[in-house]
Amino acid sequence: MESISRISNLLESARELTLDAAQAARSSRSTTRSLPTAQVKKLLDSRNDREVLDGLRRVISMMYRQQKTLPFFSSVVKNVASPNIEIKKLVYIYLIHHAEQEPDMALLSINTIQKSLSDSNPQVRALALRTMSGIRVPVISQIVSLAIKKGVVDMSPHVRKAAALAIPKCYRLEPSTLPQLLENLTTLLGDKQYFVAGAAVSAFMEICPDQVDLIHKHYRSLVKKIVDMDEWSQLAMLRMMSIYARKCFPRRTRSAKAKDKSTDLQDFYGDASTESLSEVEQVVVLDPDLVLLLNGIKPLLQSRNSGVVVAVARCYVDIGTPEYTKAAVGPLVALLRSAQDIQQVALYNIVSVCLAHPESFVKHASHFLVRATDTAPVWELKLEVLTLIFPHSPLQTKTLILNELEHFSRGTNKALVREAVRAIGRCAQADPTTAPRCMRLLLGQITSLDGTLAAESLTVIRHLIQQDPQAHVGTVVRLAKNLDSATDPQARATIIWLVGEFSSLNGEDNIAADVLRILLKEFADESEIAKRQIVLLAAKVYLHHLNRTTEAQKSDEENQEPPPNSEEHPIARLWNYVLLLARYDTSYDLRDRTRLYKALLSVPQLATLMLLAPKPAPHAPSPSETRRGFALGSAALVLAGGGGVHGLRGYEPLPDWVPEGREPDPKLRNTEGMRNEYTDEKRVVPAAQMLGDTGSMGRGQGAKSNGLSAAGAAETGAKTLDDWLAEDEEDEDEEEEGEGEEEESEEEEEEDDEEEEEEEDDEDDNDEESDQEMDDAKAELEGFLSR
């Protein structure tokens with residue numbers, strides 16, 4: 001009978017499994033097909049769990065398709081007491097989504113959810129706590145706080161994690177519960193389970209990121225757990241530790257004498273001098289606990305999550321030293337093998353690090369070569385990295401970078417051509433030794449039919465010429481000869497401006513007046529930007545003529561010679577001709593500029609100060625200079641502050657380093673109590689207990705050797721000071737009596753030794769007799785066998 005009932009039970013369970021599988025397959029095919037509202041309510045009101053589960057799945061599907069599911073609220077909520085955990089999950093999802101719209105109906109299910117907090121299944125308890133904290137009804141804030149308090153001391157770590165995640169929700173629901181929540185949060189921060197502590201850190205960063213006093217006693221254990229946490233907890237943990245380090249570890253430096261590399265060989269050959277030490281440099285001294293953090297997060301550089309890698313690099317940049325930052329360069333470059341969206345964000349962070357430590361990226365230069373599949377933002381950032389590492393690279397790498405930029409400057413993509421030419425200019429400014437080669441590359445582009453390429457090349461050439469004007473007089477003459485072939489308005493305007501800047505050289509032998517004469521022939525056909533530069537060139541040429549005329553008049557007055565007529569000079573005629581051309585031009589801006597120059601030239605001294613003043617050499621900064629100072633991994637870094645005056649909302653920079661002497665006491669980070677699996681610290685045992693244990697152990701061993709009872713050994717641990725002193729006196733008396741006994745024992749030992757020697761002699765005689773008897777027996781045996 002027992003076997004028959006067992007077989008029937010197996011058949012019944014197999015039937016149930018078959019029906020469940022069929023129902024799941026049918027629901028997966030037909031869930032998308034909507035049913036009438038009455039039929040869905042009928043499924044929800046059914047007593048069969050499979051039908052209720054089917055109805056809930058349909059309601060949840062409708063809810064995520066933005067269809068109206070509020071009419072099913074009463075039918076869904078009454079299933080909250082179902083023992084089936086799958087039904088509970090779906091009811092809780094629906095309840096969280098609609099609790100704000102139907103707060104009264106949601107409150108009716110609170111008692112059932114509270115009962116689930118005492119369920120024997122930890123998954124049900126965690127789900128109930130998560131649901132109760134997700135119901136955004138302010139009336140139940142105290143109930144949620146009590147539920148969190150109960151979940152904090154739960155035996156299951158999953159329930160404690162749910163309690164940690166519920167703390168920010170309860171705080172947003174009712175900020176007045178903060179004191180109670182902080183007590184619970186302090187307990188959870190010290191939890192032995194890493195995923196509970198990770199959730200507690202996330203809650204800490206959301207409700208009280210500035211209260212670092214809660215972290216002191218859990219600091220070292222949290223550092224050891226960070227490797228095992230999930231990615232989201234690791235991100236929150238790294239952010240929290242950066243703030244903690246700035247507020248608790250002062251930035252200390254000490255003076256150290258750096259030794260030159262050349263002195264090592266001198267030391268090797270014995271030629272070291274007393275002056276081998278070079279200048280004194282400042283070395284950063286890190287706190288041991290900060291070193292523990294920086295070394296503890298180093299394994300996270302191999303994380304599969306790109307956000308974690310960037311967060312570790314941010315910690316090294318913000319609170320570490322250049323040695324630690326160099327260790328994060330390789331993992332950051334490895335992110336360039338990811339998808340394009342990750343690659344672009346990684347490049348923003350790489351450029352930010354490269355602005356401060358460009359020499360660390362030199363050996364990775366080949367990773368920043370532009371590919372045909374790169375998008376515009378990606379190749380812009382790659383070109384920027386190449387220009388940043390250019391002055392720190394060896395000659396071979398510099399040649400590679402210049403060849404790469406020259407190749408792309410001759411391409412068909414106008415945006416890429418413009419950026420490549422600008423990058424060549426930045427390379428020439430950063431490393432003056434390569435400026436001649438860069439100048440040759442750019443001069444070869446000014447005759448290009450591509451106006452964009454010619455204009456950008458001339459702009460960069462102008463910047464290079466202004467760096468050292470005296471060395472590029474011949475370059476200006478060469479550019480002036482190419483005015484006829486230059487068709488781009490911006491290119492022509494740049495050449496005309498350069499000719500005007502050099503119009504003061506060589507006096508009347510300068511080419512500026514002749515260039516002006518040629519340009520005025522086609523003045524009407526020039527672009528407006530070129531006309532402005534022509535008028536400016538005419539004003540400068542005429543001003544130089546006025547200054548030379550004034551100097552000649554002074555010298556003629558000294559020599560008493562009649563001054564020449566300046567109005568008949570060709571330069572004066574050219575200036576009058578420019579005034580006539582500009583008077584009838586259609587551009588009011590050009591007419592206003594011409595009248596301004598005419599009035600200004602009536603006072604040559606003032607005109608000299610304004611038109612002929614030396615221009616500062618322009619410096620083309622890196623395009624990402626506006627991103628300098630933003631934290632790695634932040635949206636403000638990608639958006640360069642977000643634009644506007646106030647920047648991106650929600651961005652908070654790291655606090656400054658705490659001044660030395662105002663940091664918290666390092667003893668606050670000493671942990672007490674039992675050791676756990678994450679800390680290397682030993683258990684703290686009171687001295688009295690250690691003394692008692694030692695006494696009991698010693699007496700116990702003495703009992704075994706001397707034959708004393710175990711009870712006497714157990715009592716020695718509880719002796720007082722008088723007992724110990726009395727025992728010392730008894731020991732001294734025993735030692736005096738023992739000396740007399742030792743003399744008697746020595747005499748007895750000598751007699752015993754003599755007796756032992758006599759016994760040994762007797763034994764030797766007996767051994768000889770026994771050996772002789774054995775030999776005789778062997779001889780008789782051999783004779784018997786030979787017969």
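The legends below describe an overview and several close-up views of a predicted model.

**Figure 1. Overview of the predicted protein chain, with its 35 helices and two strands.**
Of the 787 residues in the chain, 41% count as buried. The accessible surface of the chain is about 45600 Å², and carbon and sulfur atoms make up 52% of that surface. Among contacts with a separation of 6 or more, 66% are between residues 24 or more positions apart. The whole structure holds 24 salt bridges and zero disulfides.

**Figure 2. Helix α11, residues 178-189, and its surroundings.**
Helix α11 has 12 residues. From its first C-alpha to its last, α11 reaches 16 Å, close to the 16 Å expected at 1.5 Å a residue. Its buried residues are L181, L182, N184, L185, T186, L188 and L189. The cover over these buried residues includes α9 (141-152) and α10 (157-173), as well as α12 (194-207) and α13 (219-225).

**Figure 3. Close-up of N184 in helix α11.**
N184 has a relative accessibility of 9% and therefore counts as buried. Leaving aside residues up to four places away in sequence, N184 touches S145, I148, K149, V152 and I167. A200 is 16 residues from N184 along the chain, and the C-alpha atoms of the two are separated by 9.5 Å.

**Figure 4. Helix α20, residues 376-389, and the helices it packs against.**
The 14 residues of α20 reach 20 Å from the first C-alpha to the last, close to the 20 Å expected at 1.5 Å a residue. Because 11 of those 14 residues are buried, α20 is largely enclosed by the rest of the structure. The buried residues include V378, W379, L381, L383 and V385. Two residues with charged side chains, K382 and E384, are also among the buried residues of α20. The packing partners of the buried residues are α19 (340-356), α21 and α22.

**Figure 5. Salt bridge between K382 and D374.**
Side chains of opposite charge can pair when their charged atoms come close. Here the side chains of K382 and D374 meet with an N to O distance of 3.0 Å. K382 counts as buried because its relative accessibility is 1%. D374, at 12% relative accessibility, counts as buried too.

**Figure 6. Salt bridge between D431 and K398.**
The N to O distance between the side chains of D431 and K398 is 2.5 Å. D431 lies in the loop between α22 (414-430) and α23 (435-443), while K398 belongs to helix α21 (residues 395-409), so the pair ties together parts that are 33 residues apart in sequence. Both D431 and K398 are buried.

**Figure 7. Salt bridge between R410 and E406.**
The closest N and O atoms of R410 and E406 are 2.9 Å apart. R410 has a relative accessibility of 57% and so counts as exposed. E406, by contrast, counts as buried at 17% relative accessibility. Elsewhere in the model, salt bridges that share partners join E528, R532, D589 and R593 into one network.

**Figure 8. Close-up of S587 and its polar partners.**
S587 is located in the loop between α29 (570-583) and α30 (588-601). Its relative accessibility is 11%, so S587 counts as buried. The side chain of S587 makes a polar contact of 2.8 Å with the side chain of E528. A polar atom of the S587 side chain also lies 3.3 Å from the backbone nitrogen of L590.

**Figure 9. Buried cysteines C354 and C438.**
C354 has a relative accessible area of 1% and is therefore buried. C438 is in no disulfide, and the nearest cysteine sulfur, belonging to C427, is 6.1 Å away. A disulfide needs the two sulfur atoms within 2.5 Å. C438 is buried as well, with a relative accessible area of 0%.

Note on methods
Residues are numbered from 1 along each chain as its sequence is written. This is a predicted model: local features need pLDDT of at least 70, side-chain atom pairs count only at pLDDT 80 or more; totals for chains, interfaces and linings use all residues. Side-chain values use heavy atoms; hydrogens and water are left out. Helices (H or I, at least four residues) and strands (E, at least two) are DSSP runs, numbered from the N terminus. Buried means under 20% relative accessible area, exposed over 50%, partly exposed in between (1.4 Å probe, protein chains only). A polar contact is a pair of N or O atoms within 3.5 Å; within protein, one must be able to donate a hydrogen and the other to accept it, and residues adjacent in sequence count only if both atoms are side-chain atoms. A salt bridge is a side-chain nitrogen of Lys or Arg within 4 Å of a carboxyl oxygen of Asp or Glu. The expected span of a helix is 1.5 Å times one less than its number of residues. Contact means heavy atoms within 4.5 Å. Accessible areas come from the Shrake-Rupley method with a 1.4 Å probe; for residues, only the protein chains shown count as cover.
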